[in-house]
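This report goes through one structure for a reader who has not met it before. It takes loops, helices and pockets in turn.

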Amino acid sequence: MLQSSASHKRSVIIRGALYEKTGIAIVGILAATAIMIYLAALYGNRNRFDYLKDLDKTVFTLDGTDYQLRDMTYYIARQEMEIEKQAMVYDPDDTNAYWGLHTNGKFIRLEAKRAVLDRVVHDMMFYEAAKKEGMELDEKEKQYARDSASDLCYDLSDEQKERAGLTDEEIYEMTDKAALVEKYQKILADKEGENFGAYDYNGKAYEKMLEEHKLKVKKKFWDKVPFGNVTLNHKFEDQEDES
């Protein structure tokens with residue numbers, strides 16, 4: 001009887017120890033899970049893209065000068081409007097269809113986004129060169145730029161401008177810069193005996209020039225920019241990595 005009682009006590013002690021160890025293990029697992037969830041949420045918040053809040057973040061550095069997302073918004077808006085117009089012609093009932101087209105092994109949307117970056121780098125380089133030359137627009141060129149800016153201001157609704165953090169004043173200012181770039185490009189092409197396209201953002205003569213400049217793109221940040229959903233609101237089916 002005494003042995004049975006002692007055995008029972010040992011059994012109770014052993015079970016208690018097992019329960020205690022199991023409880024500690026469960027607490028440890030729960031604590032580890034909570035930490036993982038916290039870190040995942042923290043990482044997600046740090047990497048969540050907010051267009052308006054990220055406008056002052058650097059996208060690329062050219063010859064020591066940083067250019068922010070704000071400097072690219074005008075070009076993004078113009079490109080989105082251009083692609084959307086083409087999409088309306090392709091399928092007025094579903095513009096997503098055109099944006100998601102896959103041609104020559106590449107998605108139209110991703111190629112258009114790459115073109116934006118290339119064009120901004122091109123224009124910032126040529127704009128700085130034009131300023132150094134003391135180049136300015138004449139009255140006819142200024143009027144042409146104003147008309148072009150007015151068209152974009154009209155095409156974009158107030159909501160679209162707000163979503164992009166773009167004002168009419170910025171549109172007029174950037175259109176003037178783009179016009180000066182075009183003027184500089186034409187003069188440079190004539191001087192070098194080349195056609196205008198040779199010094200476009202994808203022209204061979206320009207690409208050779210670019211090799212003489214120092215360019216660093218923050219690719220991971222640029223990849224997060226939701227091109228096609230800045231001034232517009234699309235749902236894209238493709239999940240291709242934009243890298």
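In which loop is asparagine 104 found? Asparagine 104 sits in the loop between β3 (102-103) and β4 (106-107). The model described here is a predicted one.

**Two residues with positive phi**

Most residues other than glycine have a negative phi. Asparagine 104 is not a glycine, yet its phi is positive, at about 55°. With a relative accessibility of 80%, asparagine 104 counts as exposed, because the cut-off for exposed is over 50%.

Aspartate 63 also is not a glycine and has a positive phi, of about 50°. The loop that holds aspartate 63 runs between β1 (58-62) and β2. Aspartate 63 has a relative accessible area of 43% and is therefore partly exposed, a class that lies between the cut-offs of 20% and 50%.

**Helices α2 and α4**

The 22 residues of α2 should span 32 Å at 1.5 Å a residue, and the end C-alpha atoms of α2 are 30 Å apart, which agrees. Helix α2 has a kink of about 25°, and the kink is centred on tyrosine 75.

Helix α4 has 25 residues. From its first C-alpha to its last, α4 reaches 36 Å, close to the 36 Å expected at 1.5 Å a residue. Of the 25 residues of α4, 18 are buried, so this helix is largely enclosed by the rest of the structure.

Lysine 113 belongs to helix α4. Is lysine 113 buried or exposed? Its relative accessibility is 3%, so lysine 113 counts as buried, the limit being under 20%. A polar atom of the lysine 113 side chain lies 2.8 Å from the backbone oxygen of valine 225. After α4 comes glycine 134, with a positive phi near 70°.

**Pockets**

The table lists the two pockets described here.

| Pocket | Volume | Lining residues | Lining by class |
|---|---|---|---|
| Largest pocket | about 900 Å³ | 32 residues | 14 nonpolar, 5 polar, 13 charged |
| Second largest pocket | about 210 Å³ | 13 residues | 8 nonpolar, 2 polar, 3 charged |

The largest pocket holds about 900 Å³ of space. Among its 32 lining residues, Tyr74, Arg78, Ala178, Ala179 and Glu182 are the closest to its centre. Which helices each supply at least two residues of this lining? They are α2 (69-90), α4 (108-132), α5 (139-155) and α7 (168-192). Helix α7 gives the most to the lining of the largest pocket, 9 residues.

In the second largest pocket, the lining residues nearest the centre are Asp63, Met125, Glu128, Lys132 and His213. Asp63 is the loop residue with the positive phi of about 50° described above. Both β2 (65-68) and α4 supply at least two residues of the lining of the second largest pocket. The largest share there comes from α4, with 6 residues.

Helix α4 thus appears in several parts of this report. It holds lysine 113, and it supplies at least two residues to the lining of the largest pocket. In the second largest pocket, α4 contributes the largest share of the lining.

Definitions and conventions
Residues are numbered from 1 along each chain as its sequence is written. Side-chain values use heavy atoms; hydrogens and water are left out. On a 1 Å grid over the protein atoms alone, a cavity is a set of points where a 1.4 Å probe fits but cannot get out, and a pocket is an open set with protein on both sides within 12 Å along at least five of seven lines; lining residues have an atom within 4 Å of a point. Grid points are joined across faces, edges and corners, and a volume is the space filled by probe spheres set on the points. Helices (H or I, at least four residues) and strands (E, at least two) are DSSP runs, numbered from the N terminus. Ala, Val, Leu, Ile, Met, Phe, Trp, Tyr, Cys and Pro count as nonpolar, Asp, Glu, Lys and Arg as charged, and the others, Gly among them, as polar. The expected span of a helix is 1.5 Å times one less than its number of residues. The bend at a residue is the angle between axes fitted to the seven residues ending there and the seven starting there. Buried means under 20% relative accessible area, exposed over 50%, partly exposed in between (1.4 Å probe, protein chains only). A polar contact is a pair of N or O atoms within 3.5 Å; within protein, one must be able to donate a hydrogen and the other to accept it, and residues adjacent in sequence count only if both atoms are side-chain atoms.
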